[in-house]
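Biologist: Here is a single chain to work through. Please take my questions one at a time and reason to a value or a name.

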Amino acid sequence: MELAEAALLLAAGLAAGTVNAVAGGGSLITFPALLAIGLPPVPANVTNSLSVAPGYLAAVAGSRVDLPRSRLLAALVPTTVVGALAGAGLLLVTPARAFELVVPFLVLGATALLAFQDPLRRLVGHPRDLTPRRRAVTVQVVVALAAVYGGYFGAAVGVMLVAGLALVLDATLARVSAIKNLLSAVIGLTTVVVFAIAGPVNWAGVAVVAPATLVGGYVGARLVRRLPSVVLKTIIVSFGTVIGGYLLWRALF
């Protein structure tokens, strides 16, 4: 790896770690950077998954005071692991083209869920009006779907988690973001195990990007705690729209 390529990956890792902690979608910075240094798409995707995982751990450390102490959170971890394993397995055994066409619409749909959260709550009911059983089942489904997607591709999984969780949990956006960081870290660690064993990893790329995402992830998580909910929501919706548009353009052209 040349010095200019290493510098590109280092800058991409710092930016991606920060973006993942604030809004999700940082992989759309590191993934193109890995393609730019000459990696084929699948190795780039696998390398990217391993590289951004440390940033999620740093984001968890930075947002730990906002994590709720609840049985529901503990129950979501096994669901996240199973979903991520399923997604990672799909990446290794199925062609990517069909999923590439679906991904943009998933991202844009998740962004719309967050953007129109209040009208949707009036339509389907506020989380506090749901029975505990229905709320628990709904959260499990949301997390399972996001985890499958995260294991397969990962980019914008944070946007999906925030959008889904904000719709079904009666919690502040800062708390939802903290939960998102924890579940994203679980997805990341699960894919690390799978891809380290069976994936075509470029370890030089991981060695450069991973430490940078650690720094960026911690900084981004601390930043989230200082942002008003309306500002944070605007950032996530804006970034999700850009991500979805970029992925749609990339899939079609």
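Biologist: In which helix is Asn181 found?
Modeller: The model is predicted. Its residue 181 falls within the run of residues 173-198. That run is helix H9.

Biologist: Is Asn181 buried or exposed?
Modeller: Buried means under 20% relative accessible area. Asn181 has 1% relative accessibility. Asn181 therefore counts as buried.

Biologist: Which residues does Asn181 touch, not counting those up to four places away in sequence?
Modeller: Two of the partners are Asn20 and Ala21. Others sit further along the numbering, from Tyr56 on. The list is Asn20, Ala21, Tyr56, Ala59, Val60 and Ser63.

Biologist: What is the relative accessibility of Phe195?
Modeller: Phe195 also has its place in helix H9. Phe195 counts as buried. The value is 0%.

Biologist: Which residues are in contact with Phe195, leaving aside neighbours within four places in sequence?
Modeller: Contact means heavy atoms within 4.5 Å. Among the partners of Phe195 are Val46, Ser49 and Leu50. The others are Ala88, Leu91, Leu92, Gly151 and Val201.

Biologist: How far apart are the C-alpha atoms of Phe195 and Leu101?
Modeller: Along the chain, Phe195 and Leu101 are 94 residues apart. In space, their C-alpha atoms are separated by 23 Å.

Biologist: Which residues are in contact with Thr80, leaving aside neighbours within four places in sequence?
Modeller: Thr80 is found in helix H4, residues 71-93. Thr80 is buried, at a relative accessible area of 1%. Its contacts are Val143, Ala147, Leu183, Val186 and Ile187.

Biologist: Is Phe105 buried or exposed?
Modeller: Phe105 lies in helix H5, residues 97-115. Exposed means over 50% relative accessible area. Phe105 has 53%, so Phe105 is exposed.

Biologist: How far apart in space are Phe105 and Thr94, C-alpha to C-alpha?
Modeller: In sequence, Phe105 and Thr94 are 11 residues apart. In space, the separation is 20 Å.

Biologist: How far apart in space are Arg250 and Pro104, C-alpha to C-alpha?
Modeller: Arg250 has its place in helix H11, residues 229-252. In sequence, Arg250 and Pro104 are 146 residues apart. In space, the separation is 9.2 Å.

Biologist: Which residues does Arg250 touch, not counting those up to four places away in sequence?
Modeller: Arg250 counts as partly exposed, at 29% relative accessibility. Its partners are Phe31 and Leu35.

Biologist: How far apart are the end C-alpha atoms of helix H7?
Modeller: H7 has 21 residues, 132-152. At 1.5 Å a residue, H7 should span 30 Å. The end C-alpha atoms agree with that, at 30 Å.

Biologist: Which residue just after H7 takes a positive phi?
Modeller: The buried residues of H7 include Tyr149, Gly150, Gly151 and Tyr152. Just after H7 comes a phi of about 95°. The residue is Gly154.

Biologist: How many residues of H8 are buried?
Modeller: H8 covers residues 157-168 and should span 16 Å; its end C-alpha atoms are 17 Å apart, which agrees. The buried residues include Val157, Met160, Gly164 and Val168. H8 is mostly covered, and the count is 12 of 12.

Biologist: How far apart are the end C-alpha atoms of helix H10?
Modeller: H10 has 22 residues, 203-224, and should span 32 Å. Among its buried residues are Gly205, Val209, Gly216 and Gly220. The end C-alpha atoms agree with the expected span, at 31 Å.

Biologist: What is the radius of gyration of the protein chain?
Modeller: The secondary structure comes to 11 helices and zero strands. The globule rule gives 18 Å for 253 residues. The chain comes close to that, so it is as compact as a globular protein of that length. Its radius of gyration is 17 Å.

Biologist: What share of contacts between residues at least 6 apart in sequence join residues at least 24 apart?
Modeller: Buried residues make up 50% of the chain. Of the contacts you ask about, the share is 82%.

Biologist: How far apart do the centres of the positive and negative side chains lie?
Modeller: The chain exposes about 11,100 Å², and carbon and sulfur atoms supply 71% of it. There are 17 positive and 7 negative side chains. The centres of the two sets lie 11 Å apart.

Key
Residues are numbered from 1 along each chain as its sequence is written. This is a predicted model: local features need pLDDT of at least 70, side-chain atom pairs count only at pLDDT 80 or more; totals for chains, interfaces and linings use all residues. Side-chain values use heavy atoms; hydrogens and water are left out. Helices (H or I, at least four residues) and strands (E, at least two) are DSSP runs, numbered from the N terminus. The expected span of a helix is 1.5 Å times one less than its number of residues. Buried means under 20% relative accessible area, exposed over 50%, partly exposed in between (1.4 Å probe, protein chains only). The radius of gyration is taken over C-alpha atoms; the globule rule is 2.2 Å times the number of residues to the power 0.38. Accessible areas come from the Shrake-Rupley method with a 1.4 Å probe; for residues, only the protein chains shown count as cover. Lys and Arg count as positive and Asp and Glu as negative; His and the chain ends are not counted. The place of a charge is taken as NZ of Lys, CZ of Arg, CG of Asp or CD of Glu.
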